[in-house]
Amino acid sequence: MMRILDAVPVRLLVLVVMGLLFLCLEVGYRLSHRKPGLDEASALQASVLGLVALLLGFSFSMAAERYSLRRSLVVKESNAIGTLYLRLGYLPEPSRGEMRAWMRRYTDLRLEGHEAANEPDVFAKKLQESESLKAQLWARLEALAPRMEAPVLILVTQAMNDVFDVGDERLAAAHNLIPTSIFGLLLVGMLGSGVLLGYQPAAHLRGFLSWVLFVVILTAVTFTLLDLDFPTRGRIRVDQEPLRSLQKQLHTHP
């Protein structure tokens, strides 16, 4: 699902889904006049629409939970970087200044990478640079460890581990999406409800107003759900303000 959304423009996907829904409504309307007599049509309409509503509600709950987790991880990462930056003050010079400079650069890379999450090449490049800095930081701490007091070493090591761990958590959270099977079931339910809604044996004219409202509302709700669930597409993005504030603070008071 992620690959499809990355490869196809969102506007094109919206038009395709709307076209399929209108097509299903037309199919239902024609079937109702060619083969009328489906007495259970109204009951089926209510059942299928109820199922679609249930799936949408369930999916929105999952997407909102994942979105909240991504937001909380931004705050967690900002706090972890700030804590490590302060604890690096326990180190002797010149390692203290050099490692703090690396942490300022690391913060820049993390912020720039997540702000460019919709550009896979840029994100991958920033992620690779930040991984290189992590390796440098750990190597320098290992070199200093024999000359450091145990309590200081524990504090700095713990803070550095927290920074590394939350970085991995953010990456995992970005890939933790609603299962594709749920979106597939939702699409099938939407198309099925379109056929049933168009099935009107007693109607002599197509209900274009009701059709348009049905298609527009259902498509808007579905793509809002996708927007909320996929962190790299759409306008609903996780605010990076905690990292932005930390970046400003570290560069203002190095």
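In the predicted model, T232 is buried, with a relative accessible area of 16%, a value that falls under the 20% cut-off for burial. The residue belongs to the loop between helix 8 and helix 9. The C-alpha atom of T232 is separated by 24 Å from that of K134, and the two residues are 98 apart along the chain. T232 is also one of the residues in contact with N118 once neighbours of N118 within four places in sequence are left aside; the other is R237.

N118 itself is placed in the loop between helix 4 and helix 5. Its relative accessibility of 42% makes N118 partly exposed, since that class covers values between 20% and 50%. A separation of 36 Å was computed between the C-alpha atoms of N118 and V195, which are 77 residues apart along the chain.

The largest pocket has a volume of about 470 Å³. Its lining comprises 21 residues, of which A117, F123, A174, P231 and T232 are the closest to the pocket centre. T232 is thus both a buried residue and one of those closest to the centre of this pocket. Five helices each supply at least two residues of the lining: helix 1 (2-7), helix 3 (41-87), helix 4 (95-115), helix 5 (120-144) and helix 6 (150-174). Helix 6 gives the most, with 4 residues. Divided by class, the pocket lining has 11 nonpolar, 5 polar and 5 charged residues.

Enclosed space was examined as well. Rolling a probe the size of a water molecule over the atoms shows where empty space is left. In a search of the whole structure, 1 cavity of 30 Å³ or more was found. The largest cavity has a volume of about 50 Å³, and its lining is made up of L109, R110, G113, H114, F123, K126, L127 and S130. Helix 4 and helix 5 each supply at least two of these lining residues. The class division of the cavity lining is 3 nonpolar, 3 polar and 2 charged. F123 appears in the cavity lining and is also among the residues closest to the centre of the largest pocket.

H114, another residue of the cavity lining, is located in helix 4. With a relative accessible area of 14%, H114 is buried. Apart from neighbours within four places in sequence, the contacts of H114 are F123, R170, R237 and Q240. R237 is therefore a contact of H114 as well as of N118, where contact means heavy atoms within 4.5 Å.

Aromatic packing was evaluated next, and the count comes to 4 aromatic pairs. Y29 and W211 form an edge-to-face pair, at 6.3 Å centre to centre and with 75° between the planes. Because Y29 lies in helix 2 (residues 10-34) and W211 in helix 8 (residues 208-229), this pair ties together parts that are 182 residues apart in sequence. Both partners are buried: Y29 has a relative accessibility of 9%, and W211 has one of 6%. Y29 and W211 also belong to one aromatic cluster, together with F208.

F183 and F230 form a tilted pair, with 6.4 Å between centres and 40° between the planes. F183 lies in helix 7 (residues 180-198), whereas F230 lies in the loop between helix 8 and helix 9 (241-252), so the pair ties together parts that are 47 residues apart in sequence. Here too the partners are buried, F183 at 7% relative accessibility and F230 at 2%. The loop that holds F230 is also the place of T232.

A charge-ring arrangement was found in addition. The charged end of R100 sits over the ring of Y85, at 4.8 Å from the ring centre.

In the backbone, the peptide bond from E93 to P94 is cis, with omega near 10°. P94 is situated in the loop between helix 3 and helix 4.

Notes. Residues numbered from 1 in each chain as written. Predicted model: local features only at pLDDT ≥ 70, side-chain atom pairs only at ≥ 80, totals over all residues. Heavy atoms only, no water. 1 Å grid on protein atoms, 1.4 Å probe; cavity = no way out; pocket = protein on both sides within 12 Å on 5 of 7 lines; lining within 4 Å. Points joined across faces, edges and corners; volume = space filled by probe spheres on them. Nonpolar A, V, L, I, M, F, W, Y, C, P; charged D, E, K, R; others polar. Phe/Tyr/Trp six-rings, centres within 6.5 Å; stacked < 30°, edge-to-face > 60°. Buried < 20%, exposed > 50% of the residue type's maximum accessible area, 1.4 Å probe, protein only. Lys NZ or Arg CZ within 6 Å of the ring centre and 35° of its normal.
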